[in-house]
Amino acid sequence: MSETNNGVMQEKNMRAVAVRQKIGKYTVKFFLYAFLLTMALIVLFPFYWMIISSLKTLAEYRLSVPTFWPKTIMLSNYAEAFTAANLGRLFMNTLYVGVVSTLLSLVITVLSAFAFARLEFKGRETVFALLLATMMIPGELFTITNYSTITHLGWMNTFTVLIVPFLVSVFYIFLLRQNFMQIPNELYLAAKVDGTSDLKYLWKVMVPLSMPTLISITILKMMGAWNSYIWPRLVANDAAHQMITNGLRNAFTETTGDVNYPVQMAAVSIVSAPLFLVFVFLRKYIMAGVSRSGIKG
């Protein structure tokens with residue numbers, strides 16, 4: 001009987017431990033999902049507020065007690081925003097700067113990454129280490145010297161000043177170089193034995209194998225050009241070369257000095273839509289490109 005009782009007691013204890021473990025597991029999951037949900041709401045709420053504000057009348061927007069859903073949906077705010085801010089011209093300016101700077105930056109990044117990953121020359125590692133060291137310097141510190149340089153070159157209020165200063169990105173070179181380092185060196189040696197030139201090997205072998213990283217760099221570079229604000233406002237703030245972020249700044253200020261915030265919010269929603277779509281549909285390429293870069297070096 002004692003052995004039977006001991007067996008029963010052990011079984012009960014095991015069941016109690018299993019129940020406690022299950023309760024602990026579900027408790028951890030509950031708090032984890034509650035935390036994630038709270039963070040998601042905090043992140044998404046500004047976007048929600050931007051959209052509903054773009055659909056309100058100016059009188060409703062100025063109410064002392066804010067409404068969380070527009071009483072009257074004003075879709076006309078979007079049409080007014082497009083014409084008031086001349087968004088068509090701003091889109092074309094930004095697209096031109098983004099495409100040209102991205103293409104030139106890709107050429108520089110690919111050639112530089114290939115040189116640091118495959119070519120043997122004296123001082124290669126030292127030069128690459130010095131380049132990496134520049135990543136520790138905040139970009140704002142270059143603003144004064146860059147401004148002085150482009151002023152002497154006479155590039156103020158041109159597309160050149162929006163493109164050239166940011167063609168070289170040490171981070172992109174590092175990212176692609178790490179990807180190139182993962183490609184077996186035997187392929188390069190075999191190609192050299194067959195008489196393949198470095199540029200042909202780069203174009204036929206390394207570029208196709210590194211396409212996810214190149215897509216990631218392209219997306220990030222385009223998004224950077226789309227979101228740039230300080231430098232374009234400093235060096236090219238005239239109407240002919242104005243970027244989309246700068247064009248939205250004062251486009252909705254009325255003659256009385258008041259700002260038509262619902263229309264401005266509508267314009268911001270229009271401008272934010274392409275970035276949102278890029279993230280939704282191309283996020284897997286960004287993650288794949290970064291993850292394939294690895295840590296080999």
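Two residues count as in contact when heavy atoms of one lie within 4.5 Å of heavy atoms of the other. On that basis, 71% of the contacts in the protein chain with a separation of 6 or more are between residues 24 or more positions apart. The model is a predicted one, so to speak of local features requires a pLDDT of at least 70 and side-chain atom pairs count only at pLDDT 80 or more, while totals for chains, interfaces and linings use all residues. Numbering starts from 1 along each chain as its sequence is written, and side-chain values use heavy atoms, with hydrogens and water left out.

The fold is quick to describe: the protein chain has 14 helices and zero strands, where helices (H or I, at least four residues) and strands (E, at least two) are DSSP runs numbered from the N terminus. Of the 297 residues in the protein chain, 31% are buried. Here buried means under 20% relative accessible area, exposed means over 50%, and partly exposed is what falls in between (1.4 Å probe, protein chains only). The accessible surface of the protein chain is about 18500 Å², and carbon and sulfur atoms hold 70% of that; these areas come from the Shrake-Rupley method with a 1.4 Å probe, and for residues only the protein chains shown count as cover.

Now to the inside. A nonpolar core is taken as a set of buried Ala, Val, Leu, Ile, Met, Phe, Trp, Tyr and Cys residues joined through side-chain atoms within 4.5 Å. The largest one has 19 residues, and those touching the most other members are Phe114, Leu176, Phe180, Tyr201, Leu202 and Met206. At least two residues of this core come from each of helix 4 (87-117), helix 8 (170-181), helix 9 (185-193), helix 10 (198-209) and helix 11 (211-227). Apart from this core lies another, of 15 residues, including Ala81, Leu90, Phe91 and Val271. Going back to Phe180, its contacts beyond four places in sequence are Val110, Ala113, Phe114, Ala117, Arg118, Leu202, Met206 and Ser210.

Helix 4 also holds Thr94, which counts as buried because its relative accessibility is 2%. Not counting residues up to four places away in sequence, Thr94 touches Ala225, Trp226, Met243 and Ile244.

Charged side chains come next. A salt bridge is a side-chain nitrogen of Lys or Arg within 4 Å of a carboxyl oxygen of Asp or Glu, and a search of the whole structure turns up three. Together they link Glu120, Arg124, Glu125 and Arg177 in a network. Arg124 pairs with Glu120, with the closest N and O atoms 4.0 Å apart, and it also meets Glu125 at 3.0 Å, N to O. Glu125 in turn bridges to Arg177 at 3.7 Å, N to O. Because Glu125 lies in helix 5 (residues 124-133) and Arg177 in helix 8, this pair ties together parts that are 52 residues apart in sequence. The members of the network vary in how far they are covered: Arg177 is buried at 4% relative accessibility, Arg124 is buried at 13%, Glu125 is partly exposed at 42%, and Glu120 is exposed at 69%.

Glu60, in helix 2 (residues 58-61), is another story. Glu60 is buried yet has no salt bridge, and the nearest side chain of opposite charge, Lys56, is 4.9 Å away; for this purpose Lys and Arg count as positive and Asp and Glu as negative, with His and the chain ends not counted. Leaving aside neighbours within four places in sequence, Glu60 is in contact with Thr67, Trp69, Pro70, Lys71 and Thr72.

On the outside, Leu32, Tyr33, Phe35, Leu36, Met39 and Ile42 make a nonpolar surface patch of about 620 Å². Patches are built from residues with over 30% relative accessible area and no salt bridge, joining like charges within 9 Å and nonpolar side chains (Val, Leu, Ile, Met, Phe, Trp, Tyr) within 5 Å. Met39 of this patch sits in helix 1 (residues 2-54) and counts as partly exposed, at 35% relative accessibility.

One backbone detail rounds things off. Asn157 is not a glycine, but has a positive phi of about 55°. Asn157 lies in the loop between helix 6 (143-153) and helix 7 (160-163), and is partly exposed with a relative accessible area of 33%.
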